[in-house]
Amino acid sequence: MPYVAWHPRTRRPLVVLTRSGPCAKVRLVHSEVPFEVPAGELQHYPWAADPHAPPGFVAVLLDTPQTVREGDWVVVVGCARRVRALAAYSAGSRLLELEGYGKWVLAAPRVAYRRSSAGGQAL
């Protein structure tokens, strides 16, 4: 089962596809191209030093825009912002109303932050 991990060397969240021995097969959130990194370099949420993660939240991968929930946090313009409301948009996208930002369209896979008690995948 893929999960999200923080990679401090590149300062990016990565989707971990498989992990065997000293290597992990990963991909970027917006990419389907897998590559390998040393497994020891990956850090698990929420203990990693991800500058975007709100305290007490875990990272989850939103495979589709329909999986976003009210109360999730998404990173927009370099800041994590809480989703206050959401609505359907064109072609499977979601229109999010973000606290302190306004309306924003979520149209692609993305990392979001969710309280671990809300059903997010804790690592």
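This passage describes the strands, sheets and surface of a predicted protein model.

The protein contains eleven strands and zero helices. Read along the sequence, its elements accordingly follow the pattern β-β-β-β-β-β-β-β-β-β-β. The strands considered below belong to two open sheets, one of five strands and one of six.

In the five-stranded sheet, the strands lie in the order β4-β3-β2-β1-β5, with antiparallel pairing. Its edges are formed by β4, spanning residues 35-38, and β5, spanning residues 43-44, each of which pairs on one side only. Strand β1, comprising residues 3-7, runs antiparallel to β5 and is joined to that edge strand by two bridges. Within this pairing, W6 has Q43 of β5 as its bridge partner.

The six-stranded sheet is likewise open and antiparallel in its pairing, and its strand order is β6-β11-β7-β8-β9-β10. Here the edge positions are taken by β6 (57-62) and β10 (102-106), and each of these strands pairs on one side only. From one strand to the next, the twist averages 45°. At the β10 edge, five bridges connect this strand to β9, which covers residues 94-98 and runs antiparallel to β10. One residue pair in this region is L95 and V105, the latter being the bridge partner in β10.

With regard to the protein as a whole, 36% of the 123 residues are buried. The accessible surface amounts to about 6,700 Å², and carbon and sulfur atoms contribute 54% of this area. Among contacts with a separation of 6 or more, 47% involve residues 24 or more positions apart.

How values were computed:
Residues are numbered from 1 along each chain as its sequence is written. This is a predicted model: local features need pLDDT of at least 70, side-chain atom pairs count only at pLDDT 80 or more; totals for chains, interfaces and linings use all residues. Side-chain values use heavy atoms; hydrogens and water are left out. Two strands pair if DSSP finds at least two bridges between them. Helices (H or I, at least four residues) and strands (E, at least two) are DSSP runs, numbered from the N terminus. Buried means under 20% relative accessible area, exposed over 50%, partly exposed in between (1.4 Å probe, protein chains only). Contact means heavy atoms within 4.5 Å. Accessible areas come from the Shrake-Rupley method with a 1.4 Å probe; for residues, only the protein chains shown count as cover. Axes are lines fitted to C-alpha atoms, for helices over the stretch in contact, and angles run from 0 to 180 degrees between N-to-C directions.
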